[in-house]
Amino acid sequence: MLRKLAIVAWVYVLEGFPMGVYQEVLPVYLRRHDVTLTAIGLLSALSIAWSLKMFWSPLVDRFGGRRQWIAGAMLAMAVCLAMLSGGSPATLGTAMWVSIAIYCVASATQDIAIDAYTIGLVEHGEEGPVNAVRMIAYKVGSIAAGGGMLLLTHWIDWEGAFGTAALASLVMAVSVRASPEVRVAPEARGHALSHLRRWLDRPDLVPMVAFVLLYRVGDRAMGPMVRPLWVDLGYSDAEIGLVANTLGQVATALGAITGAACVVRLGVARSLWVLGGLALASNLA
């Protein structure tokens with residue numbers, strides 16, 4: 001069981017790493033290079049890749065193994081980070097935006113593969129400790145990328161920080177080969193598309209999708225602009241990396257634990273109203 005938990009922890013560090021780069025590092029990097037707030041706000045639209053990943057998730061079941069998908073996604077992200085290390089946003093232009101878009105799609109695909117891999121690895125009755133490890137490991141990966149890269153810029157330049165992240169992604173891709181293979185059930189390969197079609201035929205699909213997309217729209221709108229605001233207020237990369245990306249991630253983990261306690265005490269529906277209201281109030285503040 002301990003070996004299994006260690007494997008789960010490592011793959012979720014891998015899953016958290018790209019999100020730390022996208023959410024925590026890129027807005028600061030772009031603002032440091034005088035990219036407009038409008039362009040940075042538009043960058044957040046690329047997060048639609050994580051919302052739409054369910055539509056290409058059947059491909060992960062149908063073709064190849066989960067480890068191959070994880071490693072392939074990490075290699076694609078390593079290439080994208082290497083491209084970002086080659087110059088500033090002003091000189092990269094369209095190539096930079098294409099690289100970031102590919103990075104988002106690769107990260108979302110990696111999420112699909114890692115979640116599927118973990119489900120195949122874990123036996124019934126082991127979900128409790130595995131879920132706790134998943135949450136903590138994901139945050140560790142996000143902190144390592146978000147806080148670590150911004151702290152690196154205190155000693156090396158941005159190109160060096162992105163080059164280091166590209167090398168780390170390459171090493172993580174290779175490390176996946178050391179994890180055990182998980183067998184993909186034949187029914188998953190043969191009927192994945194039919195399962196997706198059946199899900200799309202649900203009578204409550206539209207309101208359900210609207211709820212998922214709109215419930216956190218306030219946070220999604222405000223979140224990408226917080227880091228550029230801190231840059232404009234004169235905070236250093238190290239300060240942003242420590243407070244927003246490290247302490248902030250710890251606060252998010254504590255919030256997840258608090259949210260779970262609220263659900264147990266208040267139920268899902270009441271918790272969504274109470275906690276959603278508090279989240280919107282923090283944006284208003």
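Q: Axes here are lines fitted to C-alpha atoms, for helices over the stretch in contact, and angles run from 0 to 180 degrees between N-to-C directions. With that in mind, at roughly what angle do the axes of helix H5 and helix H9 cross?
A: This is a predicted model, in which local features need pLDDT of at least 70, side-chain atom pairs count only at pLDDT 80 or more, and totals for chains, interfaces and linings use all residues. Residues are numbered from 1 along each chain as its sequence is written, and side-chain values use heavy atoms, with hydrogens and water left out. Helices (H or I, at least four residues) and strands (E, at least two) are DSSP runs numbered from the N terminus. H5 covers residues 66-84 and H9 covers residues 158-175; their axes come within 8 Å and cross at roughly 165°.

Q: Are H5 and H9 roughly parallel or roughly antiparallel to each other?
A: Angles under 35 degrees count as roughly parallel, over 145 as roughly antiparallel, 65 to 115 as roughly perpendicular, and the rest as oblique. The axes of H5 and H9 cross at roughly 165°. Therefore the word for H5 and H9 is roughly antiparallel.

Q: Is the crossing of H5 and H9 left-handed or right-handed?
A: Picture one helix in front of the other: a crossing is left-handed if the near helix is turned anticlockwise from the far one by less than a right angle, and right-handed if clockwise. For H5 and H9 the crossing is left-handed.

Q: Which residues of H9 make the contact with H5?
A: Contact means heavy atoms within 4.5 Å. On the H5 side, the contact is made by Ala71, Met74, Leu75, Ala78, Leu81, Ala82 and Leu84. Their partners in H9 are Phe162, Ala165, Ala166, Ser169, Leu170, Met172 and Ala173.

Q: How are H1 and H12 oriented to each other?
A: Here the axes come within 9 Å and cross at roughly 50°. The crossing of H1 and H12 is right-handed. Among the residues that meet are Pro27 and Val28 in H1, and Pro224 and Pro228 in H12. From the crossing angle, H1 and H12 are therefore oblique.

Q: How many salt bridges does a search of the whole structure find?
A: To count as a salt bridge, a side-chain nitrogen of Lys or Arg must lie within 4 Å of a carboxyl oxygen of Asp or Glu. One of these pairs is Asp204 with Arg202, whose closest N and O atoms are 3.1 Å apart. Searching the whole structure gives a total of six.

Q: How many residues apart are the salt bridge partners Glu24 and Arg227?
A: The side chains of Glu24 and Arg227 meet in a salt bridge at 2.4 Å, N to O. This pair links distant parts of the chain, with Glu24 in helix H1 (residues 2-32) and Arg227 in helix H12 (residues 217-232). Along the chain they are apart by 203 residues.

Q: Is Arg227 buried or exposed?
A: Buried means under 20% relative accessible area, exposed over 50%, and partly exposed in between (1.4 Å probe, protein chains only). Glu24 has a relative accessible area of 4%, so this residue is buried. At 13%, Arg227 also falls under the word buried.

Q: Which residue forms a salt bridge with Asp115?
A: The closest N and O atoms of this pair are 4.0 Å apart. Asp115 counts as partly exposed at 24% relative accessibility, and its partner counts as partly exposed at 28%. Asp115 belongs to helix H7 (residues 94-121), while the partner sits 19 residues apart in helix H8 (residues 127-152). That partner is Arg134.

Q: Which side chain of opposite charge is nearest to Lys139?
A: Lys139 is found in helix H8. Lys and Arg count as positive and Asp and Glu as negative, while His and the chain ends are not counted. Lys139 is buried yet has no salt bridge. At 7.5 Å, the nearest side chain of opposite charge belongs to Glu24.

Q: What value is the phi of Asp34 near?
A: Most residues other than glycine have a negative phi. Asp34 lies in the loop between H1 and helix H2 (37-43), and this residue is exposed, with a relative accessible area of 66%. Its phi is positive, near 65°.
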